[in-house]
Amino acid sequence: MKTKIVFLFLLALSSFAVSRPLLAHHSSSAYDMAHPVDMKGVVKNMDWGNPHVFIYMDMKNEKGEVEQWRVEGNSPNMLLRAGWKKEMIKAGDQLTVNGAPAKNGAKDLRLISLTLANGQKLDGQGFK
């Protein structure tokens, strides 16, 4: 009986040890969530896959020069629940994205919301 209790305790303890790094993966600490920005651009490509959806866009900077940006959304499963469809966004589409820029200055945004050319607004986190 004691062996069974010890085994269950060790199993539970090891489950917590393994699951802790998984939660760290989904942190948004690399992004400046306190200062979101709105940006407009043209879709070059969309990667609809796990663990996150990525939209690659050409956006103009303050000087009018085109820059390539990567916009990171949540998982396809979460976005599907929020009303997204994979076919909604295609290369050449013009989008307005609201997102948190990367703290390290990279041309990356953590998607908060997205507005399609027809005015339809989508939640980028998949929580709404």
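Select R110 to begin: this residue is buried, with a relative accessible area of 9%. The model on screen is a predicted one. Add E72 to the selection. The side chains of R110 and E72 meet in a salt bridge, 3.4 Å from N to O. R110 belongs to strand β5 and E72 to strand β3, so the pair ties together parts that are 38 residues apart in sequence. E72 counts as buried because its relative accessibility is 11%, and the cut-off for buried is under 20%. In the strand pairing, E72 stands opposite R110.

Now show β3 and β5 as whole strands. They run parallel and are joined by three bridges. Stay on these two strands and select D108 and R70. This pair also forms a salt bridge, with 3.3 Å between N and O. D108 is in strand β5 and R70 in strand β3, 38 residues apart. Is D108 buried or exposed? D108 is buried, at a relative accessible area of 17%. R70, at 27% relative accessibility, counts as partly exposed. Display what surrounds D108: apart from neighbours within four places in sequence, D108 contacts Y31, W69, R70, A100, P101 and A102.

A search of the whole structure finds four salt bridges. Another one to select is D93 with K90, where the closest N and O atoms are 4.0 Å apart.

Next, turn to β2 and β3. These strands pair in the antiparallel sense over seven bridges. Select K60, and find V66 of β3 standing opposite. The hairpin of β2 and β3 has five residues between the strands, and within this hairpin G64 takes a positive phi near 85 degrees.

Go back along the chain to P51, in the loop between β1 and β2. Which form does the peptide bond from N50 to P51 take? That bond is cis, with omega near 5 degrees. Most peptide bonds are trans.

Then hide the loops and select the core residues I55, V71, W84, I89, L95, V97 and L114. These are the residues with the most contacts inside the largest nonpolar core, which has 22 residues. Elements giving two or more residues to this core are β1 (37-47), β2 (54-60), β3 (66-72), β4 (94-101) and β5 (108-115). In soluble globular proteins, nonpolar side chains tend to be buried together.

Keep V97 selected and show its surroundings. Setting aside neighbours within four places in sequence, V97 is in contact with V37, D38, M39, M57, M59, V71, L109, L111, S113 and L114.

From the core, move to A117, in the loop between β5 and β6 (121-123). A117 counts as exposed because its relative accessibility is 70%, and exposed means over 50%. Place a distance label between the C-alpha atoms of A117 and I89: they are 10.0 Å apart, with these positions 28 residues apart along the chain.

Finally, zoom out to the whole chain. The protein has two helices and six strands, and from the N terminus its elements run α-β-β-β-α-β-β-β. Of the 128 residues, 38% count as buried. Among contacts between residues at least 6 apart in sequence, 54% join residues at least 24 apart. With the surface switched on, the protein exposes about 8600 Å², of which carbon and sulfur atoms supply 58%.

Conventions: Residues numbered from 1 in each chain as written. Predicted model: local features only at pLDDT ≥ 70, side-chain atom pairs only at ≥ 80, totals over all residues. Heavy atoms only, no water. Core = buried A, V, L, I, M, F, W, Y, C linked by side-chain atoms within 4.5 Å. Buried < 20%, exposed > 50% of the residue type's maximum accessible area, 1.4 Å probe, protein only. Helix = DSSP H or I, 4+ residues; strand = E, 2+ residues; numbered from the N terminus. Contact = heavy atoms within 4.5 Å. Pairing = 2+ DSSP bridges. Areas by Shrake-Rupley, 256 points an atom, 1.4 Å probe, with all protein chains shown as cover.
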